[in-house]
Amino acid sequence: MANTASSAAPAARRPVNRATLYTFGAFGGILFGYDLGVIAGVLVLLAKQWSLTAFQKGAITASLSVGAMVGALLAGRLCNRIGRRLTIMAAAVVVIIGTIACVTVGGWQVMMLTRGVIGIGIGLSSATVPTYLAELAPARVRGALGSLNQLFIVTGILIAFLVDYALSSHNNWKGMFLGALIPAVILIVGLLVLPETPRWLLSQGRDAEARAVLAATLPAASEAELDAEVQDIRDIIRRDTEGRDRWRDLWQPWVRPMVLVAMVLAIGQQFSGVNAINAYFPTMLKSLGFATRTALLSAVLLGVVKFLFTVWELFMVDRWGRRPLLMTGAAVMTVALFFAGLVIKEVNPSHKGMLGTLTLLFLIIYLAGYELGWGATVWVMIGEIFPLRSRAAGTGLATTILWAATGLVTAVFPTMSDKKNLGIGGAMWVFAGINIVLLLLARFYIPETKGRSLEQIERDLRGGKLSANGAEPATGATGEPGEEAGLVSET
């Protein structure tokens with residue numbers, strides 16, 4: 001497709017501030033986090049007002065994940081057709097519609113359905129934002145910039161916990177839900193002035209626009225370096241257009257290992273237990289003797305911890321690498337959950353102050369480990385391990401699996417943690433066991449992608465050089481990862 005000067009002019013005339021670009025690019029995480037976290041306060045109020053059973057609590061909470069699965073499945077085809085940017089904007093519009101519907105109707109069944117609509121928008125956003133960020137970020141900072149998505153997710157959760165606490169004294173659960181409209185509107189307004197990714201623009205034949213975006217995101221690059229970057233992306237696009245079916249491409253022998261890695265990352269992130277804690281933390285504390293307001297205030301403390309450790313991870317992901325963070329996070333989560341379960345099982349229930357305080361302490365440590373490892377790092381890797389032609393489909397598939405795991409965990413946790421079944425302590429030990437498995441998978445199966453461009457990762461995939469036991473990239477004569485460089489196995 002020929003590119004016209006007029007189509008490129010707007011992008012070329014208007015410099016793109018990188019901080020603005022990445023901030024609004026990751027702002028979809030606010031929507032994700034807010035709608036994920038706000039239900040914690042809503043359930044505390046509605047459990048008594050509507051006399052919700054454990055099944056109904058699980059259904060309302062999990063409905064967001066079911067809708068998100070649908071959104072994630074639609075995301076791959078949609079963002080290849082209309083672009084990454086417009087797909088994220090469409091996601092925000094869907095969230096607005098679902099949120100308004102959620103507060104204008106009554107009954108847990110209708111709330112379950114409208115939360116599902118919100119989930120469609122969240123699924124579209126969560127499947128597309130990692131791709132948007134990965135395709136805009138230079139390789140040397142792609143991990144940190146990709147982590148912005150998780151930083152904004154935990155920011156959204158923290159905001160939701162703050163809103164829950166502020167409105168709980170008024171029993172204003174509708175106001176809690178309506179808070180999601182603010183980040184949705186900000187996201188739409190911000191993306192109106194931001195560009196599409198250069199890789200998608202080049203795939204559509206809009207070469208001059210793509211070059212303008214590259215120049216804006218790589219201000220220190222020379223003309224020759226920009227030419228080389230454009231040519232590198234074109235080469236990958238040319239190879240990828242040889243196929244006919246992007247979804248089918250995921251099952252080619254050279255791509256399949258990364259599909260399995262993405263499945264491990266997606267399922268592992270949720271089976272670690274994080275959204276059981278996020279959604280039901282105030283409810284758990286109430287059952288352990290905390291007052292409603294105190295339980296919601298404790299949730300705010302958890303949100304602050306999540307935020308601080310995500311900020312730390314943002315600076316570490318491109319220094320330590322992906323695998324060390326995953327392994328460290330899994331180890332911390334295992335220890336914290338084991339002792340949380342031990343406290344709940346062994347401390348005398350009459351000692352409510354000690355029981356609640358120790359449980360809070362170990363869950364804070366647990367969430368610190370999660371944000372350090374399996375929080376942001378998973379989203380970074382999902383956005384970078386797939387080849388360009390299959391990236392949207394692969395990210396959509398991984399996000400669909402992630403949301404399916406989220407739905408399963410949030411649906412069964414109220415029943416699993418009921419005193420008649422495993423109880424909260426027994427549930428903590430189940431998650432601790434899962435995190436031991438995640439530690440082993442991170443050590444022996446997940447590859448390292450730190451410091452490699454998306455094109456280098458794809459070339460190694462095609463050449464069968466992307467090791468599944470994870471190591472630093474080999475370097476060529478120049479000391480930089482090159483086309484023929486592979487990943488060397490650890491000893």
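**View A. Lys306, a buried lysine, and its partner Glu371.** Lys306 counts as buried, because its relative accessibility is 1% (buried means under 20% relative accessible area, exposed over 50%, and partly exposed in between, with a 1.4 Å probe and protein chains only). The model shown here is predicted, so that local features need a pLDDT of at least 70 and side-chain atom pairs count only at pLDDT 80 or more, while totals for chains, interfaces and linings use all residues. Residues are numbered from 1 along each chain as its sequence is written, and side-chain values use heavy atoms, with hydrogens and water left out. The side chain of Lys306 meets that of Glu371 in a salt bridge, with 2.5 Å from N to O. This pair links distant parts of the chain, 65 residues apart, since Glu371 belongs to helix α18 (residues 352-382) and Lys306 to helix α16 (residues 292-320). A salt bridge here is a side-chain nitrogen of Lys or Arg within 4 Å of a carboxyl oxygen of Asp or Glu, and helices are DSSP runs (H or I, at least four residues) numbered from the N terminus. Glu371 is buried as well, with a relative accessible area of 0%.

**View B. The salt bridge between Arg206 and Glu209.** The structure holds two salt bridges, and one of them joins the side chains of Arg206 and Glu209, with 2.9 Å from N to O. The two partners differ in their cover: Arg206 counts as partly exposed because its relative accessibility is 29%, whereas Glu209 is buried, with a relative accessible area of 11%. Side chains of opposite charge can pair when their charged atoms come close.

**View C. Helix α6 beside helix α5 and helix α19.** The axes of helix α5 (residues 84-103) and helix α6 (residues 108-136) come within 8 Å and cross at roughly 160°, and α5 and α6 are therefore roughly antiparallel to each other. The crossing in which α5 passes α6 is left-handed. With helix α19 (residues 388-416), α6 packs at an angle of about 140°, the axes being 9 Å apart, and these two helices are therefore oblique to each other. Here α6 passes α19 in a right-handed crossing. Axes are lines fitted to C-alpha atoms, for helices over the stretch in contact, and angles between N-to-C directions run from 0 to 180 degrees; under 35 degrees counts as roughly parallel, over 145 as roughly antiparallel, 65 to 115 as roughly perpendicular and the rest as oblique. A crossing is left-handed if the near helix is turned anticlockwise from the far one by less than a right angle, and right-handed if clockwise.

**View D. Ser51 and Asn171, two loop residues with positive phi.** Ser51 has a phi near 55°, a positive value in a residue other than glycine. Ser51 lies in the loop between α3 (28-49) and α4 (54-82), and this serine is exposed, with a relative accessible area of 56%. For Asn171, too, phi is near 55°, again positive in a residue other than glycine. The place of Asn171 is in the loop between α7 (142-168) and α8 (173-178), where this asparagine is partly exposed, because its relative accessible area is 48%.

**View E. Trp254 and Val255 in the loop between α13 and α14.** Trp254 is found in the loop that runs between α13 (246-249) and α14 (256-271), and Trp254 is buried, with a relative accessible area of 18%. Although Trp254 and Glu458 are 204 residues apart in sequence, their C-alpha atoms are 9.6 Å apart in space. Val255 is found in the loop between α13 and α14, and at 0% relative accessibility Val255 counts as buried. The C-alpha atoms of Val255 and Phe386 are 7.4 Å apart in space, while the two residues are 131 residues apart in sequence.

**View F. Gly190 in helix α9.** Gly190 is found in helix α9 (residues 181-192), and with a relative accessible area of 3% Gly190 is buried. Between the C-alpha atoms of Gly190 and Phe27 the separation is 8.8 Å, although these residues are 163 residues apart along the chain.
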